[in-house]
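Trainee: Got a minute? I'd like to go through this structure with you.
Mentor: Sure, put it up.
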Amino acid sequence: ELADFQEEEMLSPTIFFLVMLPPIIFESGYSLHKGNFFANFGSICTYAVFGTAISAITIGSGLFVLGIADVVYPFTLRESLSFGALISAVDPVATLAIFSSIDVHPTLYMLVFGESVLNDAVAIVMCDSVINFDDTTSTAAAIGVGVGSFLLKFIVSSLIGVVFALALAVILKYVHLNRVPSLEFCTVGLFAYGPYFLADGLNYSGIMAILASGIVMSHYAHFNLSPVTQITVQQTFRTFAFLAESCVFAYLGMAIFSFSHSFKPAFVIWTLILCLVGRAINIFPISVVVNKFREHQIDFKKQF
């Protein structure tokens, strides 16, 4: 009996989020140049929060107006803003893969990477806020709830990752696992994946949790490992991340043919145009603002 090729080519969301995404994000945090990340942390948060909000509103309102004018497929305002929030999130997988291959400037890499990780949570919170928006609630109250929800997700998710990493550092320091390198490596693997699954299960951001875990683990736990396990951990997670990235891009290419499409050329074209417009509206003005507080300026080439 022949296999169903459409089913085989389709990338399962469960496989993506539970198997492929964690090693990519963890390895990025583990090998992260922490000096660059925290030196640009204020700019990253500004782009991630305010930039994503501006982009989402631009795309959502633009599609809503075009739908009323019967230029594109008509959505309600709530549907348009929800779509705008989701489409505004920068994909960290594609960002890391492309930027690593072309060897961009470290500051640009860190700004885009940091934003791509943080704005996932911003986009999810915005989308949830729009979908669950109560028409009887004032706009100011809805915005306040959305901001509070984002801050809660950010803080709790990061704390989960930090706690796991510090717990691992303490265990490695006082429990002599270095006598059995295989057990030592398995312990690192469990504590690397643990915060992602816990945060995801509690409806917080698994991406933020595992990123924070990777950053703190590389600073505190890494030097408590035996020399053999230090090399093994670095190379193994780097290999897993590379394989996961390759599989994601391969499956995305094959998945195009795995389901029927309702192709709306006008909607696709206008969405792309609005994405570029929304990106320009948030990047250039915000860069002007953050440059006033930065020692190393973000020049026009990096902004573009």
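Trainee: How many aromatic pairs does the structure hold?
Mentor: Twelve. Keep in mind that this is a predicted model.

Trainee: What about Phe-164 and Phe-191, stacked or edge-to-face?
Mentor: Edge-to-face, with 6.1 Å centre to centre and 65° between the planes. Phe-164 sits in helix 8 and Phe-191 in helix 9, so the pair ties together parts 27 residues apart in sequence. Phe-164 counts as partly exposed, at 23% relative accessibility.

Trainee: And Phe-284 with Phe-300, stacked or edge-to-face?
Mentor: Stacked: the centres are 5.7 Å apart and the planes differ by 15°. Phe-284 belongs to helix 12 and Phe-300 to helix 13, so this pair ties together parts that are 16 residues apart in sequence.

Trainee: Is Phe-300 buried or exposed?
Mentor: Exposed, at 56% relative accessibility. Phe-284 is partly exposed, at 27%.

Trainee: Which residues do ring pairs link into a cluster?
Mentor: Tyr-73, Phe-75, Phe-83 and Phe-267.

Trainee: Switching to helices. At what angle do helix 2 and helix 9 pack?
Mentor: About 120°, with the axes 10 Å apart. That makes helix 2 oblique to helix 9. Their crossing is right-handed.

Trainee: Which residues meet there?
Mentor: From helix 2, Phe-17, Leu-18 and Phe-26 are among them; from helix 9, the list includes Tyr-193 and Phe-197. The contact residues divide into eleven nonpolar, no polar and no charged.

Trainee: Last one. Thr-58 in helix 4: buried or exposed?
Mentor: Buried, with a relative accessible area of 17%. Beyond its neighbours within four places in sequence, Thr-58 contacts Leu-274, Val-277, Gly-278 and Ile-281.

Key:
Residues numbered from 1 in each chain as written. Predicted model: local features only at pLDDT ≥ 70, side-chain atom pairs only at ≥ 80, totals over all residues. Heavy atoms only, no water. Axes fitted to C-alpha atoms, helices over the stretch in contact; angles between N-to-C directions. Helix = DSSP H or I, 4+ residues; strand = E, 2+ residues; numbered from the N terminus. Parallel < 35°, antiparallel > 145°, perpendicular 65-115°, else oblique. Left-handed = near helix turned anticlockwise from the far one by under 90°. Contact = heavy atoms within 4.5 Å. Nonpolar A, V, L, I, M, F, W, Y, C, P; charged D, E, K, R; others polar. Buried < 20%, exposed > 50% of the residue type's maximum accessible area, 1.4 Å probe, protein only. Phe/Tyr/Trp six-rings, centres within 6.5 Å; stacked < 30°, edge-to-face > 60°.
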